[in-house]
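Open the model in your viewer and keep the selection panel at hand. The stops below go from a strand to a pocket and then to some cysteines.

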Amino acid sequence: MNKNKQNINVDHISQLAAIELSDEEKKMFQSQLENILSYIDQLNEINISDIHDEDKIKLSLNELRNDDPKKSISQEYVQKNAPEFNNNHISVPKILD
Amino acid sequence: MELIKLLNNKQISSLDIINSLFSIIDKKDDLIGAYLTLDREEIVKNALDADKKRSNGVNLPLLGIPISIKDLINVKDQPCTCSSKILKNYISPYDATVITKLKEAGAIMFGRVNMDEFAMGSSTENAALGKTSNPWNLNHVPGGSSGGSAASVAGHLAIASLGSDTGGSIRQPASFCGCVGLKPTYGRVSRHGLTAFASSLDQIGPITKTVEDAALLLEIISGSDDFDSTVSQNKVLKYSNIINQKNSIDGLKIGLPKEYFIDGMDESVRQSIKEAVKHLEDMGANVIDISLPHSKYAIAVYYILATAEASANLARFDGMRYGARNQHPDLLTVYKKTRAEGFGSEVKRRIILGTYVLSSGYYDAYYKKAQKVRALIKEDFSEAFNLCDVIISPVSPTTAYPKGEKVNDPLKMYLDDILTTSVNLAGNCAISIPCGFHNNLPIGLQIIGNHFNEDLILQVANIFEQSTKFNDMNPIF
């Protein structure tokens with residue numbers, strides 16, 4: 001999969017990740033990540049076609065607990081950490097015009 | 001723990017311990033930089049309370065013992081910054097399960113210690129808040145990401161610490177700072193209240209001066225939890241008793257994985273490990289060569305899976321409900337600028353990589369493939385444990401390196417994790433204990449155990465510690 005080197009579009013991915021990158025950062029990450037992806041390419045050496053991951057890497061899970069309503073954190077604590085808080089609500093930028 | 005005996009015999013009080021720590025912190029922490037927060041008033045209050053309880057006959061396993069906490073484990077009413085600008089002013093609204101357990105055992109939460117931002121790093125140089133140095137040589141890194149935890153213990157600024165380990169972040173700083181560091185089996189300890197980095201890899205564990213202390217802390221923090229469905233129902237053993245039940249390693253089968261004695265390893269590290277193994281052989285263990293054939297893929301697998309999980313886990317830091325917010329009229333811009341300003345370089349790099357490997361067209365090539373190779377790595381360990389009881393290796397190819405040496409080459413930094421990440425990928429438990437020094441910098445020995453076999457690795461580590469003098473050494477500073 002040597003096309004990896006050309007394929008990562010840091011600009012596009014940063015949009016998906018909702019992180020605004022400076023031109024300098026984009027340049028730096030582009031070359032660093034191409035380097036890292038080149039290294040990761042070695043996974044192509046392994047034949048993995050006959051491994052069924054569902055069987056082998058299943059983590060042991062507890063049963064789910066009962067869906068009983070429990071006390072959550074108080075409004076006081078929500079307010080403490082909210083960037084903006086008015087009238088018992090966290091204020092956020094508008095979503096719809 | 002010696003202190004518990006002294007406390008129980010009324011030779012010292014919890015307040016004495018606290019004040020002694022404060023005094024050392026006053027002298028040394030300006031230079032070591034382990035602590036991000038230390039609420040002295042609250043700590044003194046808790047110490048007095050503990051002393052009162054003790055004099056009233058209350059008997060709890062950690063009553064009055066102070067534990068420093070890595071700054072990504074939530075303690076109610078205390079900051080939980082993850083050493084990130086984005087959470088600089090965040091105050092925890094709840095206790096992590098491990099904290100609840102420590103408090104129920106009578107322990108005192110003693111400050112918030114520094115780390116690589118969001119646990120991403122191997123040197124604590126990625127800390128956005130504060131700078132931490134290795135107490136053995138202030139020009140060298142303490143390791144990471146639990147660098148503050150290890151530095152606080154090594155520098156006598158803390159009795160013990162709780163850290164977290166996703167790819168080596170307890171074991172490597174413990175190795176660099178000459179402490180004991182234990183990563184439990186995945187699912188041994190609840191992750192509720194641990195700020196998530198990679199949910200299928202993260203584990204909280206103790207960083208301590210002695211193996212005995214690590215055993216006691218593990219016993220207290222382990223166990224099932226309604227708030228973490230990945231915690232095992234496996235019975236929590238009385239590790240603190242168990243370590244003293246074995247004083248011989250006659251017939252113990254030790255596996256030495258050939259893939260872990262890599263080219264480019266410091267000769268001093270190789271030599272120390274060799275001597276440690278010889279010492280264990282002299283005490284009756286049988287050493288066999290084993291192979292963990294997929295070891296070389298561990299870094300590639302780790303940096304696909306961990307970054308993928310991190311990209312999902314860090315999506316919550318968007319400036320809406322908590323943390324910093326860039327005020328801008330457009331919602332999407334708020335997200336982008338908040339995260340741009342709030343996250344450091346390494347965090348951004350890993351989120352970008354993780355987003356990429358999960359993105360449309362690349363998910364199969366990267367994420368799915370990495371999961372399958374992870375299964376192979378896990379199988380390597382399963383098969384090895386058919387041949388041996390414990391696996392021994394170095395923790396790091398080098399001792400603690402000078403600050404700034406690897407900061408500009410992320411891949412070089414990543415490759416240092418080669419000896420620790422497989423254990424996280426396979427979910428096994430492992431402990432790092434001091435086994436030597438080079439140029440006055442500590443070297444760590446890693447003992448890896450089968451799943452839920454912390455009892456055995458603790459026993460072996462304890463026997464090694466008791467029969468060598470490495471644990472007695474202290475930084476001159």
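Start by selecting I69(B) and L162(B): L162(B), in β4(B), is the bridge partner of I69(B). This is a predicted model, and every stop on the tour should be read as such.

**Stop 1: the strands around β4(B)**

Extend the selection to strand β2 (residues 66-70) of chain B, which pairs with β4(B) in the parallel sense over 2 bridges. Next, add strand β6 (residues 203-208) of chain B; β6(B) and β4(B) run antiparallel and are joined by 6 bridges. To find a point of contact with β6(B), pick S164(B), which stands opposite I204(B).

Now colour β4(B), residues 160-165, by accessibility. Are the residues of this strand buried or exposed? The strand is mostly covered, with 6 of its 6 residues buried. Turn the view to check each face of β4(B): A160(B), L162(B) and S164(B) lie on one side, while S161(B), G163(B) and D165(B) lie on the other. Both sides are covered, and all of these residues are buried.

**Stop 2: the largest pocket**

Select E2(B), K209(B), T210(B), D213(B) and N471(B). Of the 32 residues lining the largest pocket, these are the closest to its centre. The pocket holds about 750 Å³ of space.

Which elements give two or more residues to the lining? Show α1 (2-8), α2 (14-32), α5 (147-154), α7 (211-221) and α16 (454-466) of chain B, which are the elements that do. Among them, α2(B) gives the most, with 4 residues. Colouring the lining by class gives 15 nonpolar, 10 polar and 7 charged residues.

**Stop 3: the cysteines**

Select the cysteines over all chains and look for disulfides: the structure holds 0. Zoom to C177(B), which is in no disulfide; its nearest cysteine sulfur belongs to C179(B), 5.6 Å away. A disulfide needs two cysteine sulfur atoms within 2.5 Å, so the separation of 5.6 Å rules out a bond for C177(B). C177(B) counts as buried because its relative accessibility is 1%.

Move on to C388(B). Where is the closest cysteine sulfur to that of C388(B)? The closest is in C429(B), and because the two sulfurs are 12 Å apart, they are too far from each other for a bond. C388(B) has a relative accessible area of 3% and is therefore buried, the cut-off for buried being under 20%.

How values were computed
Residues numbered from 1 in each chain as written. Chains lettered and ligands numbered in written order. Predicted model: local features only at pLDDT ≥ 70, side-chain atom pairs only at ≥ 80, totals over all residues. Heavy atoms only, no water. Buried < 20%, exposed > 50% of the residue type's maximum accessible area, 1.4 Å probe, protein only. 1 Å grid on protein atoms, 1.4 Å probe; cavity = no way out; pocket = protein on both sides within 12 Å on 5 of 7 lines; lining within 4 Å. Points joined across faces, edges and corners; volume = space filled by probe spheres on them. Nonpolar A, V, L, I, M, F, W, Y, C, P; charged D, E, K, R; others polar. Pairing = 2+ DSSP bridges.
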